[in-house]
Amino acid sequence: MIRRRELITLLSSAAAMWPLAARAQQSDRVRRIGVLMGFAENDEVWQVYLATFKQRLQDFGWIEGRNLRIDYRFAGENNQRTHAAAQELAAGAPDVIFVSTNPVVSAVMQATGTIPIVFTWVSDSVGSGFVTPLAHPAGRITGFHNFEPAFGGKWLGVLKQIAPGVRRVAVVHVPEIAANVAFVPVIEAASVALGTTVTIAGVRDTADIERVLTAFAKEPDGGLIVIPSPLTATRRDIIVEVAARLSLPAIYPFRFYCASGGLVSYGSDQLGQVREAASYVDRILRGANPGELPVQLPTKFELVINLKTAKALGITVPNSMLLLADDVIE
């Protein structure tokens with residue numbers, strides 16, 4: 001027969017073990033991540049992007065098919081598809097949703113008011129109404145910025161360095177994306193000191209790209225600043241081809257534009273940011289409050305120059321720029 005004192009001891013020990021057992025059971029549960037990308041599924045740039053994300057999650061112990069399930073959606077630049085995909089993911093109630101681009105963030109925020117969201121490839125999240133302030137989002141959404149609007153002046157400065165003959169600049173952007181529009185007044189302000197005029201070049205589809213850039217190129221000494229968006233990224237080959245055909249020097253936000261033949265790019269390290277985003281997803285899966293994870297601005301920027309394109313445009317790249325470049329494509 002168990003004595004009273006022994007019974008109390010056994011019950012106390014069992015009670016102490018209950019939280020441990022609960023935690024062990026919770027850690028064994030398969031976690032679910034929803035992924036919604038504002039790009040095409042067959043785009044090799046984003047295949048590498050997601051492969052980097054998955055590899056970093058594996059580094060933290062999350063193995064797809066073992067303790068992790070990932071549901072993928074790819075919306076491209078189509079807004080209707082974006083909203084439909086956001087609704088589908090939210091209906092599945094994943095533990096966290098990982099997203100890219102401003103339109104995708106907006107769609108997912110409308111689709112769910114409870115599921116944590118981690119973003120990358122987003123500009124001006126405060127101005128876009130996603131978070132406030134950056135240091136303490138205090139909600140269910142956090143992530144990693146590509147750019148703030150002030151960066152627009154830097155793009156113009158780099159374009160003028162590599163192509164000093166540029167006197168007119170078209171800002172190629174999607175007017176419906178608030179963060180895209182936020183770059184325009186900054187570029188206009190910077191243009192005064194650099195002796196350039198600015199043309200607002202809003203595009204909404206492939207036909208717009210051809211039409212708007214062709215109209216702009218009718219006057220001489222033109223150049224382009226291409227603002228990041230699902231459209232300009234997905235249709236980068238078209239933009240690069242039209243810019244080359246019309247002899248328009250252009251600066252782009254990421255290195256993959258230069259890999260497609262663009263003249264110069266200056267922007268944040270995307271693969272570095274997606275690795276950091278994976279660390280936020282890991283922390284949320286382990287119980288962290290996304291509102292206590294600060295939205296982070298980029299700390300590393302890359303300058304990439306395509307010398308082959310420069311030669312085709314008749315541009316001699318200053319040695320000072322070549323020395324500063326992180327990568328030179330020849």
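**Note on the predicted model: sheets, aromatic pairs and backbone geometry**

1. An open sheet of seven strands, with mixed pairing, follows the order β7-β6-β8-β9-β10-β11-β12. The edges are taken by β7 (197-202) and β12 (327-329); each has a single partner strand, so one side of each is left without a neighbour in the sheet. Averaged over the sheet and with direction ignored, neighbouring strands are turned by 20 degrees against each other. The model under discussion is a predicted one, and the values below should be read accordingly.

2. Within that sheet, strand β10 (residues 264-268) merits separate comment. Four of its five residues are buried, so the strand is largely enclosed by the rest of the structure. On one hand, β10 is joined to strand β9 (residues 250-252) by two bridges, and these two strands run parallel. On the other, five bridges connect β10 to strand β11 (residues 301-306), in an antiparallel arrangement. Both directions of pairing are therefore found at β10, parallel with β9 and antiparallel with β11, in a sheet whose pairing is mixed. In general, strands of a sheet pair through backbone hydrogen bonds, either parallel or antiparallel.

3. The register around β10 can be given residue by residue. S265 of β10 has Y252 opposite, and the bridge partner of S265 in β11 is V304. V264, for its part, stands opposite I305 in β11.

4. A further open sheet has five strands in the order β2-β1-β3-β4-β5, and its pairing is parallel. Its edge strands are β2 (68-74) and β5 (141-147), each of which pairs on one side only. The average turn between neighbouring strands of this sheet, direction ignored, is 15 degrees. Strand β1 (residues 31-37) runs parallel to β2, and seven bridges join them; M37, for example, has F74 as its bridge partner in β2.

5. The five-stranded sheet also carries a helix on it. Helix α4 (residues 102-111) lies across β1, β3 (96-100), β4 (117-123) and β5. With respect to β4, the helix runs at about 150 degrees.

6. Three backbone details in β4 and the loop after it deserve a check by anyone who intends to prepare the model for calculation. W121, found in strand β4, has a positive phi of about 55 degrees although it is not a glycine. At 2% relative accessibility, W121 counts as buried. D124 lies in the loop between β4 and β5 and likewise shows a positive phi, of about 50 degrees, without being a glycine. D124 counts as buried at 12% relative accessibility, the cut-off being 20%. The peptide bond from T132 to P133 is cis, with omega near -10 degrees, and P133 also belongs to the loop between β4 and β5.

7. There are 20 aromatic pairs in the structure. One of them is formed by W46 and Y49: the ring centres are 5.2 Å apart and the planes stand at 80 degrees, so the pair is edge-to-face. The two residues share helix α2 (residues 44-59) and are three residues apart, about one turn of the helix. Both W46 and Y49 are buried.

8. The pair of W155 and F183 has ring centres 5.1 Å apart and planes at 50 degrees, so it is tilted. This pair links distant parts of the chain, since W155 belongs to helix α5 (residues 151-162) and F183 to helix α6 (residues 178-194), with their positions 28 residues apart. W155 and F183 are both buried.

9. An arginine is also placed against an aromatic ring. The charged end of R168 sits over the ring of F216, at 4.1 Å from its centre.

10. Some overall values complete the description. The protein chain has 13 helices and twelve strands, and its C-alpha atoms fill a box of roughly 100 × 40 × 35 Å along the principal axes. Of its 330 residues, 50% are buried. Among contacts with a separation of 6 or more, 71% are between residues 24 or more positions apart. The accessible surface is about 15300 Å², and carbon and sulfur atoms account for 54% of that area.

Conventions
Residues numbered from 1 in each chain as written. Predicted model: local features only at pLDDT ≥ 70, side-chain atom pairs only at ≥ 80, totals over all residues. Heavy atoms only, no water. Phe/Tyr/Trp six-rings, centres within 6.5 Å; stacked < 30°, edge-to-face > 60°. Buried < 20%, exposed > 50% of the residue type's maximum accessible area, 1.4 Å probe, protein only. Lys NZ or Arg CZ within 6 Å of the ring centre and 35° of its normal. Pairing = 2+ DSSP bridges. Contact = heavy atoms within 4.5 Å. Areas by Shrake-Rupley, 256 points an atom, 1.4 Å probe, with all protein chains shown as cover. Axes fitted to C-alpha atoms, helices over the stretch in contact; angles between N-to-C directions.
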